[in-house]
Amino acid sequence: MDYPLVRMRRLRKNANIRDIVRETKLNKEDLIYPIYFKEGLKKGQKEEISTMPGQYRYSIEDGVAYAKELEAKGLKSIILFGIPKEETKDEIGSPAFDDEGIVQNAIRALKKETDLIVIADVCLCEYTSHGHCGLIRTYDKGDINDDTDDGIKILNDASLKYLVKTAVSQAKAGADVIAPSDMMDGRVQAIRQALDEEGFFDVMIISYSAKYASSFYAPFREAACSTPGLGNRKSYQMDPANSREAVRECELDLIEGADMLMVKPALPYLDIIKTIKEEFSLPLVSYNVSGEYSMIMAAIEKGYLTEESIMESLLSIKRAGSDLIISYFTPYLLDNL
């Protein structure tokens, strides 16, 4: 024979055929949109985030209205981040667990106005005066008790109390899901026990299980006004060089009561997503973070890439094994899927 018996191109010859044999499909219900609510903004005063083109900080009224627009296009889930007034921040991040805080009030408004699944991020970095995800102790240079890289020690066990208070406050406001992102050891178990003791047995936990100390978070820190004032986060977020450690982190969170696991960031860690999906049967969430969004948007604006790169990048995350994707591209995808 002078031609091949198997012609793979038969399965690619037109759009309809490509559609029916496509192995990986991204659906609207796979998407979670991250939204920022800022205390003190009035209706109509949304603030553009300079490091993330097309993304904004919202008043509660405007944020809820936008969430309703996205829901009408097929959005099912939303994750909330809050920015309190600067003068209310303190050493323990008390605005995070204020029952009348920005996130708590936004949760109540969203549950009243929409049928969205409301996920509340649990961390202290947006609410502390020092910008870290837990309580800190500082050391002077040469202090014999200082075994840190930068003179900043994160107080893991002392931080759990305030993370728990935040989670319970958010559950009382009506959150469907609690998502601890702080990377303190033992926080999933502490939150699960506290939620159950308060009667919130059905409130789920999505744990930021494999959260890496990534440079791709830079735009988020501007967006959430949470850049550390001193030190860094490398003592509690994961080393980008490690993969086996991610499996251990996920295993511990599963044992402690997590309902879903998360890998963050996504695109530079597709191998981690694949590994975690193969190791565990829990639903897996990946966070397509701010730096991934801003990088692609900048390339599109410069003409180096086309908008097709958005779908291709998200498909790679899904293909690696992610069930759900938190992404700033969600509004675009809702319009184009």
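This is a chat about pockets, helices and a few buried residues in a predicted model.

Student: Pockets to start. How much space lies in the largest pocket?

Tutor: About 350 Å³.

Student: Which elements give two or more residues to its lining?

Tutor: Two helices do: α1, residues 15-21, and α10, residues 308-320. The lining residues include Arg18 and Val21. Leu315 and Arg319 are also among them.

Student: And how does that lining split by class?

Tutor: Five residues are charged, four are nonpolar and one is polar. Arg12, Arg22 and Glu23 are among the lining residues.

Student: What about the second largest pocket, how much space is there?

Tutor: About 250 Å³. Its lining includes Asp19, Lys25, Met311, Tyr332 and Asn336. Here α10 and α11, residues 330-336, each give two or more residues.

Student: What is the class split there?

Tutor: Five nonpolar, three charged and two polar residues. Arg22, Thr24 and Leu315 are part of this lining. Those three residues also line the largest pocket.

Student: Switching to helices. How many residues of α4 are buried?

Tutor: 13 of its 18, so the helix is mostly covered. α4 runs over residues 156-173. From first C-alpha to last it reaches 26 Å, close to the 26 Å expected at 1.5 Å a residue.

Student: What follows α4?

Tutor: Gly174. Its phi is positive, near 120 degrees.

Student: Ser159 is in that helix. Buried or exposed?

Tutor: Ser159 lies in α4, and it counts as buried because its relative accessibility is 0%. The cut-off for buried is under 20%.

Student: What does Ser159 touch, beyond its sequence neighbours?

Tutor: Gly134, Leu135 and Met184, with residues up to four places away not counted.

Student: Then where is Gly134 found?

Tutor: In the loop between β5, residues 117-122, and β6, residues 136-138. Gly134 counts as buried, because its relative accessibility is 0%. Leaving aside neighbours within four places, its contacts are Leu124, Ile154, Ser159 and Met184.

Student: How far is the C-alpha of Gly134 from that of Asp182?

Tutor: The two C-alpha atoms are separated by 7.1 Å. Along the chain, Gly134 and Asp182 are 48 residues apart.

Student: Now α2. How many residues does it have?

Tutor: It has 13, running from 60 to 72. The helix reaches 18 Å from first C-alpha to last, close to the 18 Å expected at 1.5 Å a residue. Gly74 follows α2, with a positive phi near 120 degrees.

Student: Which residues of α2 are buried?

Tutor: Asp62, Gly63, Val64, Tyr66, Ala67 and Leu70.

Student: Why would residues three or four places apart point the same way?

Tutor: Because an α-helix has 3.6 residues a turn.

Student: And what covers the buried residues of α2?

Tutor: The cover includes the strands β1 (31-38), β3 (56-58) and β4 (77-83). It also includes the helices α3 (102-113) and α11.

Student: Last one, Ser294. Where is it found?

Tutor: In helix α9, residues 290-302. Ser294 counts as buried because its relative accessibility is 13%, and the cut-off is under 20%.

Student: What lies 2.6 Å from a polar atom of its side chain?

Tutor: The backbone oxygen of Thr51. Apart from neighbours within four places in sequence, Ser294 is in contact with Thr51, Met52, Pro53 and Pro219.

How values were computed
Residues are numbered from 1 along each chain as its sequence is written. This is a predicted model: local features need pLDDT of at least 70, side-chain atom pairs count only at pLDDT 80 or more; totals for chains, interfaces and linings use all residues. Side-chain values use heavy atoms; hydrogens and water are left out. On a 1 Å grid over the protein atoms alone, a cavity is a set of points where a 1.4 Å probe fits but cannot get out, and a pocket is an open set with protein on both sides within 12 Å along at least five of seven lines; lining residues have an atom within 4 Å of a point. Grid points are joined across faces, edges and corners, and a volume is the space filled by probe spheres set on the points. Helices (H or I, at least four residues) and strands (E, at least two) are DSSP runs, numbered from the N terminus. Ala, Val, Leu, Ile, Met, Phe, Trp, Tyr, Cys and Pro count as nonpolar, Asp, Glu, Lys and Arg as charged, and the others, Gly among them, as polar. Buried means under 20% relative accessible area, exposed over 50%, partly exposed in between (1.4 Å probe, protein chains only). A polar contact is a pair of N or O atoms within 3.5 Å; within protein, one must be able to donate a hydrogen and the other to accept it, and residues adjacent in sequence count only if both atoms are side-chain atoms. Contact means heavy atoms within 4.5 Å. The expected span of a helix is 1.5 Å times one less than its number of residues.
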